[in-house]
Amino acid sequence: MKKTIRHTYSVCPACGRRLPAEIVVKDGASYLEKSCPVHGDFSVLIWKNRRNLFTWLGDVKPLGPGENSGCPASCAENGLCGEHKNGTCCVVLEVTERCTLHCRYCFADKKNGPDIPFEELRREMAAFVVPGRTLVQLSGGEPTLRDDLPELTAAAKELGCKYVQLNSNGIRLAEDEGFVKKLAAAGLSFVFMQFDGIDDAIYRKLRGAPLFAVKERAIANCAKYNLGVTLVPTIVPGVNDGAVGDILRYAVERSPAVRGVHFQPVAYMGRIPAIPDDVSRFTLDELMCAIEEQSGGLVKAENLQPSQCDHPLCGFHGDFIVKEDGTLYPLTRKREDASCCCCGADSPADKNREFVGRRWQRAEDSCCGGKEAASGDMEDMDYFLARLSSHGFTITSMAFQDAGSLDVERLRMCSLHVAKKGKLVPFCVNYLTLWDGD
């Protein structure tokens with residue numbers, strides 16, 4: 001029996017035309033369903049109902065008649081429209097099309113083209129930077145292939161970016177300590193590093209090379225120069241969906257060098273190995289259950305709450321402190337606590353930016369001394385604040401949308417935007433890839 005619980009719009013994965021869509025419950029799970037007059041019916045698994053979907057969605061309103069009628073085509077062509085619900089939390093700036101790897105899964109799928117000229121990138125940044133507020137992610141390709149990346153980082157800071165984040169596979173960070181030192185001196189805030197597990201068999205399967213030792217050296221080099229690292233696993237069913245607990249334990253053991261884990265369930269965009277079936281999907285609620293089940297009590301699913309910056313189906317966040325005994329002290333305990341990271345900010349995008357900025361950026365002195373070393377009691381406010389500053393830790397996730405799962409209701413709440421020739425484009429629109437069936 002099938003029950004429709006939500007109406008929205010999506011696209012045909014084959015031709016890209018905008019289509020009416022429904023979220024339906026059937027066979028104990030939730031699906032996004034749509035029908036193209038040319039290419040037929042599509043049904044895509046989006047939620048396995050391991051957590052209550054209605055509770056998770058909360059009070060988010062569905063699309064109303066006539067709302068966001070131009071999405072996603074207008075977003076791709078003209079950038080954010082007046083009906084877009086959220087501001088910008090993070091701006092992704094592609095600085096190169098070159099890469100050191102040819103990963104099996106890559107949403108960018110760059111073709112090793114030329115680097116974007118420095119002055120062109122500086123002009124692009126000048127167009128979107130809000131001094132004292134902007135978080136820019138330098139991405140690609142592999143950004144560290146640019147020898148002038150420290151100068152580009154410095155330019156971002158000079159223009160007023162509050163946070164400058166590097167999205168990297170970690171290879172040059174592992175091999176070139178001097179380069180890491182230059183990035184830190186230029187004002188780099190923190191590193192978002194590809195990290196799919198602690199077993200080289202996983203890296204061979206997903207990245208084509210044994211990279212675990214490389215990741216460890218990259219973390220060590222960043223720690224030398226006080227650059228916090230957030231580990232970013234792409235979770236692929238049958239490859240590393242059983243490694244979720246190992247990744248979390250590894251990250252916690254390396255606090256404060258590692259500031260958190262940002263899980264990305266695989267989305268079928270960019271370099272698509274095959275057209276996905278339901279078995280190839282790893283849903284957000286499935287991930288939360290895997291975190292609890294595989295972490296051996298380190299994390300409870302109730303401490304992971306819906307994103308307050310994007311649509312609830314786009315991600316979750318959990319805020320923690322790593323205690324001296326290696327366990328996690330949860331700061332996010334129930335849904336109403338999900339806004340605890342928002343103090344003093346004006347909008348959901350501002351709130352989220354300050355949340356990740358404070359947690360992912362290492363304190364100037366991340367060692368434990370003075371009052372903190374003498375106490376160890378989380379009820380002691382001085383100790384608590386010191387430990388939060390030095391050993392704050394996040395568990396977050398982003399479930400990107402592909403041509404099968406794209407939902408305009410979600411899209412209009414996106415706060416992760418890509419800079420493109422003077423406009424800002426929602427991330428999942430920018431990297432939307434049609435499925436040709438080859």
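This report describes strands, a helix, aromatic pairs, cysteines and one loop residue in a predicted model.

**Strands β2, β3 and β4**

Strand β3 covers residues 29-36, and 7 of its 8 residues are buried, so the strand is largely enclosed by the rest of the structure. On one side of the pairing scheme is strand β2, residues 18-26, which pairs with β3 in the antiparallel sense over 6 bridges. Within this pairing, valine 24 stands opposite tyrosine 31 of β3. The hairpin of β2 and β3 has 2 residues between the strands, and aspartate 27 takes a positive phi near 50° there.

Strand β3 also pairs with strand β4, residues 40-47; these two run antiparallel and are joined by 7 bridges. Leucine 32 has valine 44 in β4 as its bridge partner. The hairpin that β3 and β4 form has 3 residues between them.

Tyrosine 31 has a further partner: the charged end of lysine 26 sits over its ring, 4.9 Å from the ring centre. A charge over a ring also occurs at phenylalanine 179, where arginine 172 lies over the face at 3.7 Å from the ring centre.

**Helix α9 and the aromatic pairs**

Helix α9 spans residues 244-253. Because 7 of its 10 residues are buried, this helix is largely enclosed by the rest of the structure. The buried residues are Val244, Gly245, Ile247, Leu248, Tyr250, Ala251 and Val252.

The structure holds 13 aromatic pairs. One of them joins phenylalanine 212 and tyrosine 250, and its planes meet at 65°, so the pair is edge-to-face. Phenylalanine 212 lies in helix α8 (residues 212-224) and tyrosine 250 in α9, so the pair ties together parts 38 residues apart in sequence. Phenylalanine 212 counts as buried at 16% relative accessibility, and tyrosine 250 is buried with a relative accessible area of 6%.

Tyrosine 329 and phenylalanine 384 form another edge-to-face pair. This pair links distant parts of the chain, with tyrosine 329 in strand β14 (residues 328-330) and phenylalanine 384 in helix α13 (residues 381-391), 55 residues apart. Both tyrosine 329 and phenylalanine 384 are buried. The table gives the geometry of the two pairs.

| Pair | Distance between centres | Angle between planes |
|---|---|---|
| Phenylalanine 212 and tyrosine 250 | 5.7 Å | 65° |
| Tyrosine 329 and phenylalanine 384 | 6.1 Å | 75° |

Elsewhere, ring pairs link Phe107, Phe400, Phe427 and Tyr431 into a cluster.

**Cysteines**

The structure holds 0 disulfides. For cysteine 103, the closest cysteine sulfur is that of cysteine 99, and the two sulfurs are 6.0 Å apart, which is too far for a bond. Cysteine 289 is in no disulfide either, as the nearest cysteine sulfur, in cysteine 314, is 19 Å away. Cysteine 103 counts as buried at 6% relative accessibility. Cysteine 289 is buried too, with a relative accessible area of 10%.

**Valine 95**

Valine 95 is placed in the loop between β5 (90-94) and α3 (118-128). Its relative accessibility is 0%, so it counts as buried. Leaving aside neighbours within four places in sequence, valine 95 is in contact with Asp115, Ile116, Leu121, Leu138, Ser139, Pro143, Arg146 and Leu152. For one of these contacts, arginine 146, the separation from valine 95 is 51 residues in sequence and 8.2 Å in space, C-alpha to C-alpha.

Conventions. Residues numbered from 1 in each chain as written. Predicted model: local features only at pLDDT ≥ 70, side-chain atom pairs only at ≥ 80, totals over all residues. Heavy atoms only, no water. Buried < 20%, exposed > 50% of the residue type's maximum accessible area, 1.4 Å probe, protein only. Helix = DSSP H or I, 4+ residues; strand = E, 2+ residues; numbered from the N terminus. Disulfide = S-S within 2.5 Å. Phe/Tyr/Trp six-rings, centres within 6.5 Å; stacked < 30°, edge-to-face > 60°. Lys NZ or Arg CZ within 6 Å of the ring centre and 35° of its normal. Contact = heavy atoms within 4.5 Å. Pairing = 2+ DSSP bridges.
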